[in-house]
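Me: I would like a close look at a single part of this model, taken slowly and with its surroundings included. Please choose one helix and follow it from its own geometry out to whatever it packs against and lines.

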Amino acid sequence: MEGNRLTEKAALRKMEALLVEMDRAENPHDFEEKDIAFHAMVVDAAGSPALKKVWDSLRLVEWTGLSVAVTRNTLPEFAKQHWRIFRLLERHADHTAGAYMFLHIKNFGDELKQHYQEMNGNILPLPGSAVEKERTT
């Protein structure tokens, strides 16, 4: 039992250090790397083979990158959502953390849907992307 607590504390400290790095990210690419690592840590910490399988099969790593590209949130606002998840995990509020994570992921889906509608059904190219710049010059 004590070994699990030490492992859990170590995992939480690693997660916290990652969130501090996320706060310092100066561009979407750096943020995306931290975001992907954070989600992977949460999936691993859950210890659920089923969750890990869903994470891998839905290729959520790639969706995480897209969420950073289309979000209307600033990077600090996006990071704050991850801190909320961390604080819930730290307090062992597992069910609340799960519910908040559901809303976090659902919000991305809503943002992606809105982006898709604004692009008249064309999800790509993303505004500001190299492809978009090439099309408009």
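Reply: The expected span of a helix is taken here as 1.5 Å times one less than its number of residues. With that in hand, and bearing in mind that this is a predicted model, the helix to follow is α6, which has 25 residues and reaches 36 Å from its first C-alpha to its last, close to the 36 Å expected at 1.5 Å a residue. After α6 comes N120, whose phi is positive, near 55°.

The setting is a protein chain with seven helices and zero strands, so that, by the rule that helices are numbered from the N terminus, α6 can be placed in a run that reads α-α-α-α-α-α-α. Of the 137 residues of the chain, 29% count as buried, and among contacts with a separation of 6 or more, 59% are between residues 24 or more positions apart.

Within α6 itself, the buried residues are A97, H104, F108, E111, L112 and H115, where buried stands for under 20% relative accessible area. These buried residues of α6 pack against α2, α4 and α5.

The helix also takes part in the largest pocket, which has a volume of about 790 Å³ and is lined by 29 residues, with V42, V43, A46, L51 and M101 lying nearest its centre. Two or more lining residues come from each of α1 (2-24), α2 (28-46), α3 (49-57), α4 (60-70), α5 (75-90) and α6 (94-118), and α6 gives the most, with nine residues. In chemical character the lining divides into 19 nonpolar, seven polar and three charged residues.

Two of the helices against which the buried residues of α6 pack, α2 and α5, lead on to the largest nonpolar core, which has 16 residues, M15, L19, M22, F31, F38, V68 and F86 being the ones that touch the most other members. At least two residues of this core are supplied by each of α1, α2 and α5, and α5 gives the most, with six residues. In soluble globular proteins, nonpolar side chains tend to be buried together. F31 offers one view of the surroundings of a core member, since, leaving aside its neighbours within four places in sequence, F31 is in contact with M22, A25, V68, L75, F78, A79 and H82.

Key. Residues are numbered from 1 along each chain as its sequence is written. This is a predicted model: local features need pLDDT of at least 70, side-chain atom pairs count only at pLDDT 80 or more; totals for chains, interfaces and linings use all residues. Side-chain values use heavy atoms; hydrogens and water are left out. On a 1 Å grid over the protein atoms alone, a cavity is a set of points where a 1.4 Å probe fits but cannot get out, and a pocket is an open set with protein on both sides within 12 Å along at least five of seven lines; lining residues have an atom within 4 Å of a point. Grid points are joined across faces, edges and corners, and a volume is the space filled by probe spheres set on the points. Helices (H or I, at least four residues) and strands (E, at least two) are DSSP runs, numbered from the N terminus. Ala, Val, Leu, Ile, Met, Phe, Trp, Tyr, Cys and Pro count as nonpolar, Asp, Glu, Lys and Arg as charged, and the others, Gly among them, as polar. A nonpolar core is a set of buried Ala, Val, Leu, Ile, Met, Phe, Trp, Tyr and Cys residues joined through side-chain atoms within 4.5 Å. Buried means under 20% relative accessible area, exposed over 50%, partly exposed in between (1.4 Å probe, protein chains only). Contact means heavy atoms within 4.5 Å.
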